[in-house]
Amino acid sequence: MAMTKNIVLLFSLLLFHNLSYTQTQPWQGKFEPIDNMISPPNTYRTASGAPGKAYWQQRADYKIKAALDESNNTITGEETITYYNNSPDDLRYLWIQLEQNVNRKGNEDFGSFFNNIKDSITARQMQFLTRAIDFPAGYTIKYIKDINGNSMKSMVNNTMMKVLLKEPLKSGSSLSFSIAWSYPITDRSMFFLSREGYEYFPEDDNTVYLIAHWFPRMAVYNDTEGWQNQQFQRLGEFALEFGDYSVEITVPEDHIIASTGSLLNSDDVLTRTQQNRLKEAGRSFDKPVMIVTKDEAENNEKTKSAKQKTWKFNATNVRDFAFASSRKFLWDAQAVKLPSNTVMAMSFYPKEGLPVWQEESTKAIKNALEVYSDATFDYPYPVAISVNTSNIGMEFPMISFNGGRPKNGRISDAAKQGMIGTIVHEVGHNWFPMIVSSDERKWMWMDEGLNTFLHQRTIAERYPGFSSTTPQTIVPFMSGDKNILRPIMTTSDNELLTQFGNNFYMKPTVGLQMLRNSIVGRELFDQAFKEYANRWKFKHPNPADLFRTLEDASAVDLDWFYRGWFFTTDNVDMELTDVKWYKVNEEEFNNKDQKKTIKLKIEGENSGEKAKDFSSGPEAITMTSTPDASYGGYLSRMDEPELRKQISGKNIYEVSIKNVGGLVMPVTIEWIYTDGSNEIDTLPAEIWRRNEYEIKKTFVKEKEVSKVNLDPNFEFADTDMKNNTFPKAETPSEFDEFKAKKTTN
Ligand SMILES: [Zn+2]
């Protein structure tokens with residue numbers, strides 16, 4: 001008995017095998033698990049993507065006293081670091097980051113992006129290229145002392161300083177030591193990708209200081225890298241430990257400081273009027289209140305006080321500290337209510353940012369705080385600050401420096417959208433990487449990609465008139481030259497300057513949009529994304545932790561997606577190669593006919609030839625009766641007459657699709673019927689499991705179809721839409737193409 005049954009089963013399997021389309025090119029395992037491509041789970045990081053039982057991270061608390069010398073653009077500081085070794089290891093030395101050293105002359109190989117002469121070169125590019133105007137840069141370290149005042153031995157390797165310990169720092173113990181330092185603040189216009197430095201305004205002889213990666217900071221020591229002491233080469237940003245900060249900053253008396261943290265001595269540094277306005281702002285939830293008005297800022301511009309004032313701040317559980325200082329600042333603030341926190345949203349800008357900065361900056365902070373909090377967790381800090389700069393945006397905990405300035409008070413729509421987008425983006429960085437603290441030096445895409453995803457969602461939800469990123473945005477990049485394209489899973493400094501925006505910001509964003517909107521579904525995806533953010537807030541996640549969590553929290557196998565989208569430079573290009581139309585005619589079938597094979601009438605004239613469209617009508621198929629042997633002992637006989645009745649008179653369409661681009665994706669098929677109505681069918685990406693190159697799928701439709709489109713709503717960044725329709729779209733004449741090109745140019 002068992003033997004007979006096996007034969008029957010074997011027969012059925014063979015039958016189905018014949019029905020499936022056989023792959024003729026090498027199998028690439030596109031649906032195989034990515035376990036061998038990502039770090040294996042361990043006691044620190046679980047297979048579910050969560051921090052493990054033995055997860056640990058170091059901690060560094062800072063007490064800093066610094067003074068800004070406006071007369072020679074120098075900053076001088078003394079700091080005490082208390083470093084907690086929570087690792088299971090004893091440490092014989094510590095690594096400290098000295099990012100300012102990247103600006104030293106002779107570091108061009110590390111910090112320069114421009115290496116070649118072009119026919120036409122701007123003066124600015126020539127300065128970047130040659131440093132024709134030289135200027136001092138980099139740290140002077142005055143001393144490094146232990147808690148007893150004894151000098152500690154250290155060695156500087158470019159942007160990293162090694163501090164040697166007399167006794168190893170035991171696992172579970174802490175160490176306090178002090179560093180005194182100074183460095184010349186550099187002119188922002190002297191560098192490409194200048195995240196900090198000063199901006200000088202010759203019209204009124206004043207300066208805006210944007211002070212960041214300014215004090216020697218602990219490098220990260222973790223279970224993944226040991227010491228993350230990779231040099232700062234400008235593109236790969238920062239890896240930093242969390243800790244508490246107590247910071248005192250001495251600046252000219254007429255300066256206003258915008259800073260990470262809470263201001264502790266407003267009585268000493270703000271006027272009574274300013275303090276009252278701040279209190280009012282704390283109760284103003286619908287619009288900002290001016291703390292320093294335009295007239296007051298313009299008065300400050302003229303005073304040029306030689307006296308000094310010390311501002312005191314503290315910040316809890318942050319991974320960095322930055323500030324801006326100037327007598328040019330206008331200042332506005334308003335309160336933003338989140339479910340578990342009320343935040344002061346504040347903007348600081350020179351009058352050159354008016355009027356748009358006053359109208360839009362704090363509003364943009366509020367929008368970012370609300371949308372991001374809803375998507376992840378409530379913003380946990382007391383303030384969120386946007387400071388206006390001449391160009392580029394840069395994020396730090398609670399504060400960001402954001403580019404965008406009108407010309408003569410006017411700003412184009414595009415520039416305004418760019419400015420608001422920048423503020424939303426940089427405020428959004430508070431979540432990624434300031435709180436969900438991934439290693440930016442290694443994986444730029446982890447913070448930029450996730451942040452741009454929520455930044456674009458904020459724009460789409462709060463600024464519906466603005467243009468925002470969609471899968472279409474990434475098409476020109478993904479159809480680019482494969483010789484220079486790199487996968488998203490490329491470390492930060494190995495990416496090209498011309499590509500990192502697309503590869504580390506846009507491509508992950510579009511990938512997450514596709515997961516949310518078209519692959520996992522909004523409700524499940526949003527819950528899984530939130531799970532990742534909450535699992536890793538105030539911790540250091542790796543790519544594997546993100547990949548695993550999104551699957552763990554959704555029950556959707558996404559390894560095929562990660563494998564293709566993050567680890568290759570393949571693109572989506574599906575070609576609708578053929579649609580065959582069949583029909584079964586009921587009259588041709590006689591219920592009582594005992595013959596096993598029934599030929600159906602051929603309706604089309606050109607049957608057998610490959611049809612270019614549906615004009616020749618449906619083809620006939622041969623449907624044979626199922627052999628008795630196919631019915632096993634436990635199966636009842638299929639009601640074939642009923643089956644034939646169900647099929648009879650209906651339109652059967654067999655769709656053939658080729659995977660030209662290499663990426664497997666779900667398939668969306670739009671049917672446009674002869675009566676003008678339409679319908680969409682969606683096939684999961686798993687349709688490509690059996691054949692990664694070409695698939696066929698059969699559909700039964702009541703109505704007759706006039707046209708079939710693949711990916712009609714452009715959900716999957718298909719790089720060539722011309723091959724997505726049947727009947728094939730008419731190819732445009734050369735003249736049309738020429739005209740289209742001219743219009744685009
Ligand atoms: Zn960013």
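In what order do the four strands of the open sheet that includes E5 and E10 lie, and is their pairing parallel or antiparallel? Before selecting them, keep in mind that this is a predicted model.

**The four-stranded sheet**

Select the strands in the order E5-E6-E3-E10, and you have an open sheet whose pairing is antiparallel. Strand E5 (154-157) and strand E10 (217-218) stand at the edges, and because each has a single partner strand, one side of each is left without a neighbour in the sheet. Stay at the E5 edge and add strand E6, residues 160-169, which pairs with E5 in the antiparallel sense over four bridges. To see one bridge at residue level, display Val156 together with Met161, its bridge partner in E6.

**The seven-stranded sheet**

Next, select the strands E4-E7-E2-E1-E13-E17-E15, given here in their order across an open sheet of seven strands, in which the pairing is mixed. Its edge strands are strand E4 (140-146) and strand E15 (262-263), each of which pairs on one side only. Within this sheet, focus on strand E13 (residues 243-252) and strand E17 (residues 308-318), an antiparallel pair held in register over nine bridges. Thr250 and Thr310 are a convenient place to look, since Thr310 is the bridge partner of Thr250 in E17.

**Gln57 and its surroundings**

From strand E1 (59-69), step back into the loop that runs between helix H1 (2-19) and this strand, where Gln57 is found. Is Gln57 buried or exposed? Its relative accessibility is 16%, so Gln57 counts as buried, the cut-off being under 20%. Show the side chains of Gln57 and Tyr55, which are joined by a polar contact of 2.6 Å, and then bring in Phe538, whose backbone oxygen is reached by the side chain of Gln57 at 2.7 Å. If neighbours within four places in sequence are left aside, the residues in contact with Gln57 are Asn86, Phe242, Phe538, Lys539 and His540.

**The zinc site**

Now centre the view on the zinc ion and display His425, His429 and Glu448. The protein donors are NE2 of His425, NE2 of His429 and two OE atoms of Glu448, and they lie 1.9 to 2.7 Å from the ion. The angles among the four donor atoms run from 54 to 153 degrees, and the site is irregular. Along the chain, the donors follow the spacing H-x3-H-x18-E. His429 and Glu448 link distant parts of the chain, 19 residues apart, with His429 in the loop between helix H8 (413-428) and helix H9 (444-462), and Glu448 in helix H9 itself. His429, at 0% relative accessibility, counts as buried, and Glu448 is buried as well, with a relative accessible area of 1%.

**A hairpin further along the chain**

Move on to strand E28 (residues 667-673) and strand E29 (residues 678-683), which pair in the antiparallel sense over six bridges. Ile669 has Asp681 as its bridge partner in E29. Four residues lie between the two strands of this hairpin, in which Gly676 takes a positive phi near 95 degrees.

**The whole protein**

Finally, zoom out to the entire chain, whose secondary structure comes to 16 helices and 32 strands. Of its 745 residues, 53% count as buried, while the protein exposes about 33,900 Å², with carbon and sulfur atoms supplying 51% of that area. Among contacts between residues at least 6 apart in sequence, 75% join residues at least 24 apart.

Terms used: Residues are numbered from 1 along each chain as its sequence is written. This is a predicted model: local features need pLDDT of at least 70, side-chain atom pairs count only at pLDDT 80 or more; totals for chains, interfaces and linings use all residues. Side-chain values use heavy atoms; hydrogens and water are left out. Donors are N, O and S atoms within 2.8 Å of the metal (3.2 Å for Na, K and Ca); water is not among the atoms, so sites may look incomplete. Four donors count as tetrahedral if all angles lie between 85 and 135 degrees; four count as square planar and six as octahedral if opposite donors are over 155 degrees apart and all others between 65 and 115; anything else is irregular. Buried means under 20% relative accessible area, exposed over 50%, partly exposed in between (1.4 Å probe, protein chains only). Two strands pair if DSSP finds at least two bridges between them. Contact means heavy atoms within 4.5 Å. Accessible areas come from the Shrake-Rupley method with a 1.4 Å probe; for residues, only the protein chains shown count as cover. A polar contact is a pair of N or O atoms within 3.5 Å; within protein, one must be able to donate a hydrogen and the other to accept it, and residues adjacent in sequence count only if both atoms are side-chain atoms.
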